[in-house]
Amino acid sequence: MDILFSQIQADLRSNDALRQSGALLQALQQSAAGRDISIIAKSAVEEIVASPASAVSKKLAFDLIRSTRLTPDLWETVCTGIRTDLDFPDPDVTAAAVSILAAIPSYRLGKLIADCNKQISNCFDSPSDNLRFSITETLGCILARDDLVTLCENNMNLLDRVSVWWTRIGQNMLDRSDAVSKVAFESVGRLFQEFESKRMSRLAGDKLIDSENSVAIRSNWVSSMIDFVWRKRNALMARSLILPVESFRATVYPLVYAVKAVASGSVEVIRKLSMSRTANSHDLDSNAEKLVGVSDVVSHLAPFLASSLEPALIFEVAINMLYLADVPGGKTEWASQSIIAILTLWDRQEFSSARESIVRAVVTNLHLLDLNMQVSLFRRLLIMVRNLRAESDRMHALACICRTALCVDLFAKESVRRGQKPLPGTDIASLFEEARIKDDLNSTTSKSLFREELVATLVESCFQLSLPLPEQKNSGMESRVIGALAYGTGYGALNWTEPALEVVEVCRPCVKWDCEGRTYAIDCYLKLLVRLCHIYDTRGGVKRVKDGASQDQIMNETRLQNLQRELVKDLREVNTPRICARLLWAISEHIDLEGLDPLLADDPEDPLNIIISNVHKVLFNIDAAPTSTNRLQDVQAVLLCAQRLGSRHARAGQLLIKELEEFRNGGLADSVNKHQCRLILQRIKYVTNHHESKWAGVSEARGDYPFSHHQLTVQFYEASAAQDRKLEGLVHKAILELWRPDPSELTLLLAKGIDSKLLKVPPIANTLTGSSDPCYVEAYHLADSSDGRITLHLKVLNLTEIDLNRVDIRVGLSGALYFMDGSPQAVRQLRNLNSQDPVLCSVTVGVSHFERCALWVQVLYYPFYGSESVDYEADYAEEDPQVTRHKRNLRPETGEPVILRCQPYKIPLTELLLPHKISPVEYFRLWPSLPAVVEYTGTYTYEGSGFMASAAQQYGASPFLSGLKSLSSKPFHKVCSHAIRTVAGFQLCFAAKTWYGGFLGMMVFGASEVSRNVDLGDETTTMICKFVVRASDASITKEIGSDLQGWLDDLTDGGVEYMPEDEVKVAAAERLRISMERIALLKAAQAPPKTPKSDEEEEEEDEEDEDGKKKENGEKDGKPKGPSTLSKLTAEEVEHRALQSAVLQEWHMLCKDRSAKVK
């Protein structure tokens, strides 16, 4: 291998262009094979890039540079070679030099562009097509990137030049050369896409913060390009038609984006963001002219849908025509043409790699079609969706289809109400007309999960329909959907129940499904059924006209009553044991018992008899395997049903008394069940004897379905429950993304303008050097958790009076950090640092695991660098090439460097955390099971004491947390909804995950400044707070515990100081001594207590206010006593005392445990 490399290097040193290009090709082959070719790259830079060579050799050398890693010195040589080549007479050599600009590192790019801006501008005027192509392509890639926007933000001259270059790129769309025209269209399209999604900047690894100026700069470029395309749209369409057909695809997006921006008015908002004062070129365009412009573009694109044979082109044109169909005044024909073309691609089995994209494009734009076409597509789309592999795509498509079906149903019903002819096939049942879907729905056993997904999505969509519709501020893809829904539901708050009633009728067979233990879809169905029964009050029977019921209401209630009777019959055919009790509960809670025919009391087909026989079946089910049923829950549900049914109806009571007696006396009931049965029997017998007192055994139906609140997979260990939770997560995510979407960054910027929270203030920089150092260095970092990267941004300022020709910044790592290329340290070479002129550079590192880490910066500057000047300028024609190469290889003396060691830049541990949303119930279930624990105590100083703190509380300021305010800005999810905000103190709960999936929970206990009895003494203003951290992995707590003060500094920005345990014990003992003395004095002076009941009252208040969180203050004995009239305490004081005792109890328990461990 060494012989081969030596041969390649010898060929590179030769003056023969053919041998050089052959050697470069060999080197590229070695690079593609994965071998390290950095030696050859060095030779290529010195012998070809920095020396005169043929255009082919230059191009190959630049390809070689892209495939390897260069040192900063070599990049400097490359930049010198590029500057020389940009003035070279051969345009092909210049084109090769221009092409490498996109690969220049960001820290070197700004200066190179600034130095060569005149040569770059001249390239646009070159007669060479190749050079114009190269400059348009390269600048189109560079100028849309985030790093260049930031460079422009700090350099106004560069901004003016880049704005001019964008204008030139725009003009090149009309260039005489096809290749140049195509690449100019692509460049403008890239600018628009980058404005919408920032995709290219993300791929390039830029993690920059949008400031007000950077948004304004990019918006200015975009609005000027939109203006240009709108003005020249006819010329651009004509130019695109004479391009080769394979290049036409590139011209579609820029045209459509610009025309849509003008027609929909979004360009005005973009112009506001750009803060430009230029007059608008199309302010005077009427709406008619804008619509004509859109029609022209549609007419220009439409022929390609029918005549083109290239699937990618058909798809591109169709997607963009759908984008235009949403413009105000757009026609449904535009959408239908596009969707037919896209579906034809599916039928032809072409473009099969884009199956998901095809379905997504169709379902997202369904609402743009007319009703007939929407209905006709339902059956076909469901079959297409069923065949999709990716779950997220399937869910999104199902959510779109279900929403559209509900829209169509509502719209059609409202149209009929307004006197129009009914449209066939617009009801919900049309979704299930396809034979395969219908078979899936009606068959008991099916291996397909698709039917469960469909029913669950349809039901959840009904629930979304019952909520208020989201506000529609600016027109977009959703405006027509919201319009159709508002049209259908506008005249009655309960209009949504009509499609929901159809849904429960159509999906009735789902209760018979055998889903291998999964219950989520059936739970969804029963939840909707119970809600509808509650709304229509099916317990009270069908209302009559004389009661004020409308015809629609009477019809709907009759349908629901019939559905209930059908479901009662289905009880015998339920195949999932867990569902039997749930269906029993849903029916018996809402069935109209008074409406049953008393003559059929002995008929086994009578609904009440069927219900009672199923109650018997659940109570006496001895084959209940724990994997198939949840017997505890089923029996509880059935006993509740028995109590309510028996209390509502005399005959039901008689039958149930017999069943409950038998169950109670049998061997299947445990002691709890026996006691429960005794209580229920007493209630039923009491109600039987006192008909007016039914309330003792039955309450009003509330429309709740209490079986679907299991969020944790921990509850059941079988696979079916885990699948249920997964399906629930997928359905909810798809539904919320569709019905309540989070607006994109751009939408927020357009809606809220510069006040948007997305325009973050850059982080505060840390100074790394001392006050007397010759170079000033400050740094801040940006973290990207998705890629596991941290970028350190450095600003270097030369404080000496001499200009430094060369400064090296070396960055070393400690902890879990590593460089992407595996090198031990990074070096950034900065040239020509003028006095007091700041220079920016950045370093990106990866983080391998959760650990403390730091970046160590060293500055080496060379005050004597370049003292021996070498004549670089040589005329290639007159001198011998060997002499020229020898002169170029002469290096200036670097001289002795001055080394400046900076303070380490520590990455806060909190930076490696992400907030983890979790409900309090899940949090408290998870908390005891977390194995790793670390506890510690901190102190903080508060402002004001005594009266001042009380006054602060009175006027709305919090009487505690003055040292913990910065916690709110850290990456934690605040779990606790029950933080105790009283005079007594507080308990806060936080949840987070590390970048690598480890769970971390934190509780903070403390007292308020007002209480004065838990600080470090009477005269101080220092408060104690206790931190308890639990984690899923011991390595997390080990890392936190290794430097507790550092962790507290990260958490509270230095607001809390760590306090060792022995100091805590001394302070606690002193506090206890003072308290005991006070209590002794009080007891000596106190009269005998007159209100012994107040403790229990406090405890009751505590239990209510703490939302079910159990406190160990003692248990209540006997019956709860009524409020005492002798108590002088107000309700607020009682509540405060109760909460105070709760916090202090928890606090003392923790301190007691800790002190026991220390002993």
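**Close-up 1. Helix 30 meets helix 32 in this predicted model.** On the helix 30 side, the residues in contact are Pro577, Arg578, Ala581, Arg582, Leu584, Trp585, Ser588, Glu589 and His590. Their partners in helix 32 are Gln633, Asp634, Ala637, Val638, Cys641, Arg644, Leu645 and Arg648. Sorted by class, this contact of helix 30 with helix 32 brings together eight nonpolar, three polar and six charged residues. If you look for charged residues here, Arg578, Arg582 and Glu589 are among those from helix 30, and Asp634, Arg644 and Arg648 are among those from helix 32.

**Close-up 2. The axes of helix 30 and helix 32 cross at roughly 20°.** Helix 30 spans residues 577–590 and helix 32 spans residues 631–648. Their axes come within 9 Å. Because angles under 35 degrees count as roughly parallel, helix 30 is described as roughly parallel to helix 32. The crossing in which helix 30 passes helix 32 is left-handed.

**Close-up 3. Helix 10 packs against helix 11 at an angle of about 125°.** Here we move to residues 146–153, which form helix 10, and residues 156–171, which form helix 11. The two axes lie 6 Å apart. That angle makes helix 10 oblique to helix 11. Which residues of helix 10 and helix 11 meet? Helix 10 offers Leu148, Leu151 and Cys152, while helix 11 contributes Met156, Leu158, Leu159 and Val162. The contact of helix 10 with helix 11 is made of seven nonpolar residues, with no polar and no charged ones.

**Close-up 4. Ser240 sits in helix 15.** Helix 15 covers residues 233–241. Is Ser240 buried or exposed? Its relative accessibility is 1%, and since buried means under 20%, Ser240 counts as buried. Leaving aside residues up to four places away in sequence, Ser240 touches Phe248, Thr251 and His300.

**Close-up 5. Stepping back, the protein chain has 44 helices and 17 strands.** This last legend helps you place the earlier views. The protein chain has 1159 residues, of which 50% count as buried; Ser240 is one of the buried residues. Among contacts in the protein chain with a separation of 6 or more, 74% link residues 24 or more positions apart. The exposed area of the protein chain is about 54,200 Å², and carbon and sulfur atoms supply 52% of that area.

Terms used: Residues are numbered from 1 along each chain as its sequence is written. This is a predicted model: local features need pLDDT of at least 70, side-chain atom pairs count only at pLDDT 80 or more; totals for chains, interfaces and linings use all residues. Side-chain values use heavy atoms; hydrogens and water are left out. Axes are lines fitted to C-alpha atoms, for helices over the stretch in contact, and angles run from 0 to 180 degrees between N-to-C directions. Helices (H or I, at least four residues) and strands (E, at least two) are DSSP runs, numbered from the N terminus. Angles under 35 degrees count as roughly parallel, over 145 as roughly antiparallel, 65 to 115 as roughly perpendicular and the rest as oblique. A crossing is left-handed if the near helix is turned anticlockwise from the far one by less than a right angle, and right-handed if clockwise. Contact means heavy atoms within 4.5 Å. Ala, Val, Leu, Ile, Met, Phe, Trp, Tyr, Cys and Pro count as nonpolar, Asp, Glu, Lys and Arg as charged, and the others, Gly among them, as polar. Buried means under 20% relative accessible area, exposed over 50%, partly exposed in between (1.4 Å probe, protein chains only). Accessible areas come from the Shrake-Rupley method with a 1.4 Å probe; for residues, only the protein chains shown count as cover.
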